[in-house]
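Trainee: I should like to take a close look at a single part of this protein and then to see how that part fits into the whole. Please guide me through it in one connected account.

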Amino acid sequence: MSESENSKCVLLLYSSRFGHSKKIADAVANEIGNAGLGVDVEELRPGAAIDIHRYAGAGFVVSVRYGFFATALYKLLETHKDWLDSTPTLLMTVSLTARKPGKRDPAKHSYTRLLLKKTQWTPTRVSVVAGALQYPRYNVFDRVCIRLIMLVTGGEADGKSEIDYTDWDSVRESARAYAKEVFASLRKRKITAP
Ligand SMILES: Cc1cc2nc3c(=O)[nH]c(=O)nc-3n(C[C@H](O)[C@H](O)[C@H](O)COP(=O)(O)O)c2cc1C
């Protein structure tokens, strides 16, 4: 890929335990691609060498697991903080808490708030997305824990259901809005470049 092609490409990183966030990342990538940008989709892995600086922007689609995100996310945000603060970025957090519409405001979603506070990162766009309940895929321990969480929060606690709570239209809308922000940043950089 040439230098100019690289500069019109977005990196989309995801962390996903049972594949739902990967599915969301693919939907986001599709919209970004349709908007006319290149997009590389990669899994967030501990210790992976990522040449993030060559991209026009970076997106993160990350699921919550027992209150936290993948360790690799915190590490990457710390390592590339300066670059991330100066580049269009998208943070999409995926959780079951967000199945309740009232929790989809990033300012009211505790896991997202805590992540941003801890990392002192201000993404250009933050989107809180409802994930999926997938009891058949969980091991015994996880199934018991998730049933308990669902019971306490008034959700489906039968230990058998598979329910997709994701608002896919909203996911695609966020992706399109983010692509516009990347284009705006590219235009601005061209205008202000010496
Ligand atoms: C073991 C486990 C722990 C989870 N912990 C939380 C949690 O603390 N809070 C929450 O809102 N959702 C929690 N979830 C829900 C996931 O974030 C949701 O199911 C998401 O769709 C998982 O996406 P993934 O398969 O891409 O990782 C948990 C799910 C699992 C399986």
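Trainee: In which loop does Tyr 66 lie?

Mentor: Please bear in mind that the model is predicted. Tyr 66 belongs to the loop that runs between E3 and H3. Strand E3 spans 57-63, and helix H3 spans 71-79. With 8 other C-beta atoms within 10 Å, Tyr 66 falls under the limit of 12 or fewer and is therefore exposed. Its backbone also deserves attention: Tyr 66 has a positive phi of about 45°, although it is not a glycine. Most residues other than glycine have a negative phi.

A second loop offers a similar case. Gln 120 is located in the loop between H5 and E5, and it too has a positive phi, of about 55°, without being a glycine. Gln 120 has 10 other C-beta atoms within 10 Å and is exposed. Thr 122 is also placed in the loop between H5 and E5. This threonine counts as exposed, with 11 C-beta neighbours inside 10 Å. Along the chain, Thr 122 and Lys 81 are 41 residues apart, while their C-alpha atoms are 9.7 Å apart in space.

Let us now turn from these loops to the interior. The two elements that flank Tyr 66, E3 and H3, are among those that give two or more residues to the largest nonpolar core. That core has 41 residues, and those with the most contacts inside it are Val 10, Leu 12, Val 28, Val 61 and Met 92. Its other contributors of two or more residues are strand E1 (9-15), H2, E4, helix H5 (110-119), strand E5 (125-130) and helix H7 (168-192). In soluble globular proteins, nonpolar side chains tend to be buried together. Val 28 shows how the core is joined: leaving aside residues up to four places away in sequence, Val 28 touches Leu 12, Gly 59, Val 61, Met 92, Val 171 and Ala 175.

A loop residue need not be exposed, as Leu 37 demonstrates. Leu 37 has its place in the loop between H2 and strand E2 (38-43). It has 20 other C-beta atoms within 10 Å, and the threshold for burial is 20 or more, so Leu 37 is buried. Apart from residues up to four places away in sequence, Leu 37 touches Lys 8, Cys 9, Val 10, Ile 32, Ala 179 and Val 182. The pair formed by Leu 37 and Ala 179 is separated by 142 residues in sequence, yet by 7.5 Å in space from C-alpha to C-alpha.

Helix H7 also holds Arg 176. Here 14 other C-beta atoms lie within 10 Å, and Arg 176 is partly exposed. Beyond residues up to four places away in sequence, Arg 176 touches Glu 31 and Ala 35. Arg 176 and Phe 18 are 158 residues apart in sequence and 25 Å apart in space, C-alpha to C-alpha.

Next comes the division of the chain as a whole. The protein chain consists of domain 1 (3-131 + 167-188) and domain 2 (133-165). Their contact takes five residues from domain 1 and five residues from domain 2. On the domain 1 side, the touching residues divide into three nonpolar, one polar and one charged. The centres of the two domains, taken over C-alpha atoms, are separated by 26 Å.

Helix H6 (140-152) merits its own description. H6 has 13 residues and reaches 18 Å from its first C-alpha to its last, close to the 18 Å expected at 1.5 Å a residue. Of these residues, the number buried is one, so H6 lies largely in the open. Val 152, which is in H6, counts as exposed with 9 C-beta neighbours inside 10 Å. After H6 comes Gly 154, with a positive phi near 75°.

The ligand brings the two domains together in this account. Both domain 1 and domain 2 give residues to the shell around the ligand, so the ligand lies between them. Helix H2 (20-34), strand E4 (89-95) and helix H6 each supply at least two residues of that shell. Among the 20 residues around the ligand, Ser 16, Phe 18, Ser 21, Ser 95 and Gly 131 come nearest. By character, the shell divides into eight nonpolar, nine polar and three charged residues.

Note on methods:
Residues numbered from 1 in each chain as written. Predicted model: local features only at pLDDT ≥ 70, side-chain atom pairs only at ≥ 80, totals over all residues. Near = placed C-beta within 6 Å. Helix = DSSP H or I, 4+ residues; strand = E, 2+ residues; numbered from the N terminus. Nonpolar A, V, L, I, M, F, W, Y, C, P; charged D, E, K, R; others polar. Domains from an automatic or database assignment. Contact = placed C-beta atoms within 7 Å. Core = buried A, V, L, I, M, F, W, Y, C linked by C-beta atoms within 7 Å. Expected span 1.5 Å × (residues − 1).
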